[in-house]
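Please look over the sequence and the model shown below before reading on. The paragraphs after it are meant to be read with the structure in view.

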Protein chains: 2
Amino acid sequence: MNSETATQTPEDETLPSVPEHPFIKEMLRQVRASDTYGFYDNASPAELLKPFVVTKAQRKQLPLVADPDDQVIGRLKNWYAAIAMQIEAGSGRMASPLMNLSSEGFGRVVIIAGHLVVVDRTLREAHRFGFISLEKMCEDADRLVASALALIEAHPAAAEG
Amino acid sequence: MNSETATQTPEDETLPSVPEHPFIKEMLRQVRASDTYGFYDNASPAELLKPFVVTKAQRKQLPLVADPDDQVIGRLKNWYAAIAMQIEAGSGRMASPLMNLSSEGFGRVVIIAGHLVVVDRTLREAHRFGFISLEKMCEDADRLVASALALIEAHPAAAEG
């Protein structure tokens with residue numbers, strides 16, 4: 001790799017393995033929905049989800065200076081939108097994400113159902129958003145969704161809004 | 001007024017009357033706190049709060065194209081920060097605002113206490129943020145704070161976080 005590619009996600013030709021998991025279907029829906037012009041209509045699931053996989057070696061090479069670019073912000077939105085959809089599917093209630101990201105990649109994202117904050121995360125180093133594998137992504141999603149559903153169950157009146 | 005000043009808030013030399021109201025003190029604290037360099041150290045309360053007063057005639061002249069400028073975004077943040085502080089004072093719970101503003105002046109702002117969304121507002125025409133008078137600002141603040149405190153009272157466990 002030369003010094004020019006080091007300022008981008010280092011290129012790696014291998015495609016990630018795509019687990020059989022309901023969250024993967026939701027992620028693909030989100031990614032395809034944000035592909036307004038159909039540029040990726042012919043892309044495979046592995047190709048579409050590859051940008052979400054960031055290995056430890058790649059992480060270190062992603063610079064933290066300046067604003068996170070629109071593509072990584074788009075991926076963050078895809079991810080939290082997919083989590084919100086899974087929460088809706090599991091609870092039967094509307095859930096919507098709200099993200100505030102500062103120019104330095106710090107911020108906060110919440111997912112709201114009724115009057116209840118069901119996901120609340122601090123964002124750090126948004127430039128480096130990604131998972132070491134798609135399996136890990138599905139595990140994280142399952143954990144976030146399960147804790148959101150537990151909160152809704154604990155506070156049904158607040159979640160009704 | 002010439003065509004150049006029409007793209008700014010139309011200038012008006014009269015200062016607003018400043019009501020005796022606890023919310024005014026909080027607003028002044030917020031405005032002074034965001035004056036990092038002390039430019040307005042010698043400004044009177046009326047001078048500091050004047051930009052929050054936008055008459056109907058002024059509103060119409062504020063253009064809605066392009067991004068709301070940093071100053072109006074700063075005033076929106078001052079306003080919701082002051083509301084959050086009043087909610088804290090009334091409930092004894094931490095309350096923090098989270099705002100997402102698109103480049104066209106649309107967005108959403110929430111104030112969160114624990115797991116509870118105590119204020120939830122859609123932002124439209126953020127370019128034109130302001131009140132017809134400071135009395136009206138205090139009335140709006142009282143209403144928002146009262147409804148937030150009622151929500152906390154209705155859902156104390158969720159507000160505990």
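What follows goes from the way the chains meet to some individual residues and their partners.

The model is a predicted one, and a good place to begin is the relation between chain A and chain B. A turn of 180°, with a shift of 0.0 Å along the axis, lays chain B on chain A with an RMSD of 0.0 Å. The two copies are therefore related as by a two-fold rotation axis. Of the interface residues of chain B, 100% are also interface residues in chain A, so the copies meet through the same surface.

How many residues does the contact take from each chain? Chain A gives 14 residues and chain B gives 14 residues. Between them the two chains bury about 1,400 Å², and 63% of this lies on carbon and sulfur atoms. On the side of chain B, the residues B:Leu98, B:Arg108 and B:His115 supply 40% of the area that this chain buries against chain A, which is more than any other three residues supply. Across the interface of chain B and chain A the rule finds zero salt bridges, whereas six residue pairs are found in polar contact. At least two residues of the touching side of chain B come from each of strand S1 (96-101), strand S2 (107-113), strand S3 (116-123) and helix H6 (156-160); S1(B) gives the most, with four residues. Sorted by class, the side of chain B that touches chain A holds nine nonpolar, four polar and one charged residues.

Salt bridges do occur elsewhere, since a search of the whole structure finds 14 of them over all chains. Side chains of opposite charge can pair when their charged atoms come close. In chain B, the side chains of B:Arg59 and B:Glu125 meet in a salt bridge of 3.3 Å, N to O. This pair links distant parts of the chain, with B:Arg59 in helix H3 (residues 56-61) and B:Glu125 in the loop between S3 and helix H5 (134-154), 66 residues apart. B:Arg59 counts as partly exposed at 32% relative accessibility, and B:Glu125 counts as partly exposed at 29%.

A second pair in chain B lies within one helix. The side chains of B:Asp140 and B:Arg143 meet in a salt bridge of 2.7 Å, N to O, and because these residues are three residues apart in helix H5 of chain B, about one helical turn separates them. Is B:Asp140 buried or exposed? With a relative accessibility of 11%, B:Asp140 counts as buried, while B:Arg143, at 52%, counts as exposed. In chain A, salt bridges that share partners join A:Arg59, A:Glu125 and A:Arg128 into one network. Within this network, the side chains of A:Arg128 and A:Glu125 meet at 3.5 Å, N to O; A:Arg128 is buried, with a relative accessible area of 17%, and A:Glu125 is partly exposed at 28%.

Two further residues can be followed through their neighbours. A:Glu26, in helix H1 (residues 22-33) of chain A, is buried, with a relative accessible area of 7%. The side chain of A:Glu26 is joined to that of A:Arg29 by a polar contact of 3.0 Å, and A:Glu26 also touches A:Ala82, A:Met85 and A:Gln86. B:Ser17, in the segment before helix H1 (22-33) of chain B, is partly exposed, with a relative accessible area of 47%. B:Ser17 touches B:Leu134 and B:Glu135, and its side chain makes a polar contact of 2.9 Å with the side chain of B:Glu135.

Terms used: Residues are numbered from 1 along each chain as its sequence is written. Chains are lettered from A and ligands numbered from 1 in the order in which they are written. This is a predicted model: local features need pLDDT of at least 70, side-chain atom pairs count only at pLDDT 80 or more; totals for chains, interfaces and linings use all residues. Side-chain values use heavy atoms; hydrogens and water are left out. Contact means heavy atoms within 4.5 Å. Buried area is the accessible area (1.4 Å probe) that two parts lose on being put together, summed over both. A salt bridge is a side-chain nitrogen of Lys or Arg within 4 Å of a carboxyl oxygen of Asp or Glu. A polar contact is a pair of N or O atoms within 3.5 Å; within protein, one must be able to donate a hydrogen and the other to accept it, and residues adjacent in sequence count only if both atoms are side-chain atoms. Ala, Val, Leu, Ile, Met, Phe, Trp, Tyr, Cys and Pro count as nonpolar, Asp, Glu, Lys and Arg as charged, and the others, Gly among them, as polar. Copies are superposed by least squares on the C-alpha atoms of residues with pLDDT of at least 70 in both. Buried means under 20% relative accessible area, exposed over 50%, partly exposed in between (1.4 Å probe, protein chains only). Lists of a residue's contacts leave out its neighbours within four places in sequence.
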